Amino acid sequence: MAGLYYEEIIEGAVITHDLRRTVTETDNLLFTTLTMNTQPLHLDAEFAAGSMYGQLLVNSIFTMGLTVGIPVTETTLGTTLGNLAFEEVSFPAPVFVGDTLRVETRFLSKRVSKSRPDAGIVRFEHRTFKQDGTLVCLCRRAALMARKERGAA
């Protein structure tokens, strides 16, 4: 697996992920309808055209999904034991169909779990930018990460 074990994570280190994703109208439509979100800003082009955005707005939860998903291969693939918390999520700018998103991950802190000595708790900060460099999502979260040295203190 390509994910990092607890011991491999360096506090303060930043990964700029190479994987990028251009958001399509189909992405927005399917995600919005699958999650039963009936907000017309995401589904009704005529309604959205009359809004302050002037066009369809990409569902912010889809944006958050990419924000957490894009980093998986380089951070948590096969080494995370689960998310513990989403501590802070903000969307400082909108995402529209056709925007290409990229993500940077910073490791904020880490500590060995008190209840599970085979795991550690890592706090991540993910920042998502669109093609012009505009920050569109900031997400701070905590995850339970496997330790390479099971039970090591």
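Modeller: Rings of Phe, Tyr and Trp form an aromatic pair if their centres lie within 6.5 Å. By this rule the structure, which is a predicted model, holds three aromatic pairs.

Biologist: What makes F31 and F62 one of these pairs, and why is the pair called edge-to-face?

Modeller: The ring centres of F31 and F62 are 5.5 Å apart, which is within the limit of 6.5 Å, so the two rings count as a pair. Their planes stand at 65 degrees, and an angle over 60 degrees counts as edge-to-face, so the pair receives that name. F31 belongs to helix α1 (residues 25-34) and F62 to helix α4 (residues 60-69); the pair therefore ties together parts that are 31 residues apart in sequence.

Biologist: Why do F31 and F62 fall into the burial classes that they do?

Modeller: Buried means under 20% relative accessible area, and partly exposed means between 20% and 50%. F62 has 12%, so F62 is buried. F31 has 23%, so F31 is partly exposed.

Biologist: How are the helices and strands arranged along the chain?

Modeller: The chain has five helices and six strands. In sequence order they follow the pattern β-β-α-α-α-α-α-β-β-β-β. The C-alpha trace spans about 60 × 30 × 25 Å along its principal axes, and 40% of the 153 residues count as buried.

Biologist: How do you know whether the structure contains disulfides?

Modeller: A search of the whole structure finds zero disulfides. For C137, the nearest cysteine sulfur is that of C139, 5.9 Å away. A disulfide requires two cysteine sulfur atoms within 2.5 Å, and 5.9 Å is not within that limit, so C137 is in no disulfide. C139 is likewise in no disulfide, its nearest cysteine sulfur being that of C137.

Biologist: Why is C137 called buried or exposed, and what of C139?

Modeller: C137 has a relative accessible area of 0%, which is under 20%, so C137 is buried. C139 also has 0%, so C139 counts as buried by the rule of under 20%.

Biologist: What makes K148 and E8 a salt bridge?

Modeller: The search finds 10 salt bridges in the whole structure. The side chains of K148 and E8 meet at 3.1 Å, N to O; the limit is 4 Å, so the contact qualifies. This pair links distant parts of the chain, since K148 lies in the segment after β6 (135-146) and E8 in the segment before β1 (14-16), 140 residues apart. K148 has a relative accessible area of 48% and is therefore partly exposed. E8, at 33%, is partly exposed by the rule as well.

Biologist: How do you know that R140 and E88 form a salt bridge?

Modeller: Their N and O atoms are 2.5 Å apart, which is within 4 Å, so R140 and E88 form a salt bridge. R140 lies in strand β6 and E88 in strand β3, so the bridge ties together parts that are 52 residues apart in sequence. With 23% for R140 and 34% for E88, both residues are partly exposed.

Biologist: What makes R116 and D118 a salt bridge?

Modeller: The closest N and O atoms of R116 and D118 are 3.4 Å apart, and this is within 4 Å, so the pair meets the rule. In addition, salt bridges that share partners join E88, E125, R127 and R140 into one network.

Biologist: What makes K110 count as a charge over the ring of Y6?

Modeller: K110 lies over the face of Y6, at 4.6 Å from the ring centre, and the rule asks for a distance within 6 Å, so the distance condition is met. The charged end of R141 sits over the ring of F124, 4.5 Å from its centre, so R141 also meets the limit of 6 Å.

Biologist: Why is T76 called buried or exposed?

Modeller: T76 has 5% relative accessibility, which is under 20%, so T76 counts as buried. T76 is placed in the loop between α5 (72-75) and β3. Its C-alpha is 9.8 Å from that of L144, although T76 and L144 are 68 residues apart in sequence.

Biologist: Which residues make the nonpolar surface patch, and why may F91 belong to it?

Modeller: F86, V89 and F91 make a patch of about 230 Å². Patch residues need over 30% relative accessible area; F91 has 34%, so F91 meets that condition. F91 lies in the loop between β3 (80-90) and β4 (100-112).

How values were computed
Residues are numbered from 1 along each chain as its sequence is written. This is a predicted model: local features need pLDDT of at least 70, side-chain atom pairs count only at pLDDT 80 or more; totals for chains, interfaces and linings use all residues. Side-chain values use heavy atoms; hydrogens and water are left out. Buried means under 20% relative accessible area, exposed over 50%, partly exposed in between (1.4 Å probe, protein chains only). Patches are made of residues with over 30% relative accessible area and no salt bridge: like charges are joined within 9 Å, nonpolar side chains (Val, Leu, Ile, Met, Phe, Trp, Tyr) within 5 Å. Accessible areas come from the Shrake-Rupley method with a 1.4 Å probe; for residues, only the protein chains shown count as cover. Helices (H or I, at least four residues) and strands (E, at least two) are DSSP runs, numbered from the N terminus. Rings of Phe, Tyr and Trp (its six-membered ring) pair if their centres lie within 6.5 Å; planes under 30 degrees apart count as stacked, over 60 as edge-to-face and the rest as tilted. A charge sits over a ring if NZ of Lys or CZ of Arg is within 6 Å of the ring centre and within 35 degrees of the ring normal.
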